[in-house]
Amino acid sequence: MNKVHKELVKVTGDMTSSKERVKQHVLHPRNSNKKPYRFTLLSVVLTLCVAGFILVQLLEKEKTQTTTWFHETQLDHFERITQMMWPNQNKEFYKEEAYRSYERLVAAYYFAESLGITYTKDELETERKNFVEQMEMLQQSPKNKAFFRGVEPSKYVDVYMEPLLPMYLARTKLYAMYKEKYPTFYAYKGVADIEAIRYFQMNFAEQATAFQKENNIVDRSSTSGTSLVGTVAKVESNIFLFIEGIIPKDLDHMTEKYEQADWYPVLADFPVEQGDYITLHSTETGSIEENGIVRKYGLLNDVEILEPDVTVELDLQNEQEVAEFLQDMPWQTADYMRRPPDYSLQVEGVRIEIWKGYGGSLYLQKIGSGEIKLSSEKAEKLKELLSIEES
């Protein structure tokens, strides 16, 4: 069974019995005294037409298959890369990481195509030569021998990477486009990847899910990341400065104490303005030093605009008394809450957010200190100090 035949079977299922019936009808038409000869001839013609129609449909489906579906051979390529990068991991880890890398590349290709990005045969040939050279360099290290499993670099590119070359080339051009779109944002490649994945999931989710099920792959990437609540402090070109844990009114009297600030890209589907109170889903954070200044940045895939009054800002008349109550609290490092705080206040110039808990308890988060949970008894005393009346 040749490769094309295997792909056709993958799309249509095993049609051996159907093809055998067509063959018998064509080669050995049944003669019946009850049917005239012209009727038998008509049956043969119709059968040939049906066979031709089936073949055309199979070829069309095979074309769709090779341009939209994943393939085990190329997945194996990514598994080898993953094993080389992260040795001594379990099989599930390698398969999941390999699929994630593979999906990002496929997504970038189709997203680039949707944006009108094209390439020439000469560019494709140059891409192939570059990968052959990279594989030859990789093979020079004895520790990478297992990667090739006895296959020469040029042959490896032919077998495992040939279908991927247009994708790599398209992604390179997509990254160049995003570098121009986000000239001051260090992680522009990450922005391109996120928007490509979003486009891919909107248009090719069924193919991706089918491939994952067929290969027993569990993709946990959708569950990664952190939801943060805060305010857009500044918008510059296609990036914005997000300060976690503050409400819009804090912008009028900001101090350098607010260090939870990161630059994020403005995505086409999620425009923001200065002063917006938002929840964002951050998938990655990092930092880069430019001219002696450290700029922190993050990637995101979702933004929700919140109503400014979703959090009640408390205006303290007894700040000193509240400060004494909170003094020497055993603050613990914790992830930030995934919903807007119910109350917000400033004590000695530091923002404190408060969330209602179960059974009358309260959760407090203090910028720069962490989190603490107050029991219902202590929570009740704090509510009295803050004049919080609950219905």
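Tutor: Let's start with a rule: the expected span of a helix is its number of residues, less one, times 1.5 Å. Keep in mind that this model is predicted.

Student: How far apart are the end C-alpha atoms of helix H4?

Tutor: Helix H4 covers residues 72-85, which is 14 residues. At 1.5 Å a residue, H4 should therefore span 20 Å. The model agrees with that expectation, because the end C-alpha atoms of H4 are apart by 20 Å.

Student: Which elements do the buried residues of H4 pack against?

Tutor: Buried here means under 20% relative accessible area. The H4 residues that meet this cut-off include Leu75, His77, Phe78 and Thr82, and also Asp76, Glu79 and Arg80. The partners of the buried H4 residues are helix H5 (91-114), helix H7 (145-148), helix H8 (153-161), H9 and helix H10 (188-214).

Student: Where does pLDDT stay under 50?

Tutor: The chain has a mean pLDDT of 78, and 78% of its residues reach 70 or more. Among its elements, helix H9 (residues 165-181) has the highest mean, 96, while helix H1 (residues 3-12) has the lowest, 29. Where pLDDT is low, the predicted coordinates should not be read in detail. That caution is useful for the stretch where pLDDT stays under 50, residues 1-68.

Student: Is Ser361 buried or exposed?

Tutor: Ser361 sits in the loop between strand E8 (350-356) and strand E9 (362-366). Beyond four places in sequence, Ser361 touches Trp355, Lys356, Lys373, Leu374, Ser375, Ser376 and Ala379. Its relative accessible area is 6%, and the cut-off is under 20%, so Ser361 is buried.

Student: Which residue has its backbone oxygen 2.8 Å from a polar atom of the Ser361 side chain?

Tutor: Ser361 lies in the loop that links E8 and E9, and these strands form a hairpin with five residues between them. Gly359 in that turn has a positive phi of about 65 degrees. The backbone oxygen lying 2.8 Å from the Ser361 side chain belongs to Tyr358.

Student: Which residue in E9 is the bridge partner of Trp355?

Tutor: E8 and E9 run antiparallel and are joined by five bridges. In E9, Trp355 has as its bridge partner Tyr363.

Student: Which residue in E10 stands opposite Lys366?

Tutor: E9 also pairs with strand E10 (residues 370-374), in the antiparallel sense and over five bridges. These two form a hairpin with three residues between them, and Gly368 in the turn has a positive phi of about 90 degrees. Opposite Lys366, in E10, stands Gly370.

Key:
Residues are numbered from 1 along each chain as its sequence is written. This is a predicted model: local features need pLDDT of at least 70, side-chain atom pairs count only at pLDDT 80 or more; totals for chains, interfaces and linings use all residues. Side-chain values use heavy atoms; hydrogens and water are left out. pLDDT is the predictor's confidence in each residue, from 0 to 100. Helices (H or I, at least four residues) and strands (E, at least two) are DSSP runs, numbered from the N terminus. Contact means heavy atoms within 4.5 Å. Buried means under 20% relative accessible area, exposed over 50%, partly exposed in between (1.4 Å probe, protein chains only). A polar contact is a pair of N or O atoms within 3.5 Å; within protein, one must be able to donate a hydrogen and the other to accept it, and residues adjacent in sequence count only if both atoms are side-chain atoms. Two strands pair if DSSP finds at least two bridges between them.
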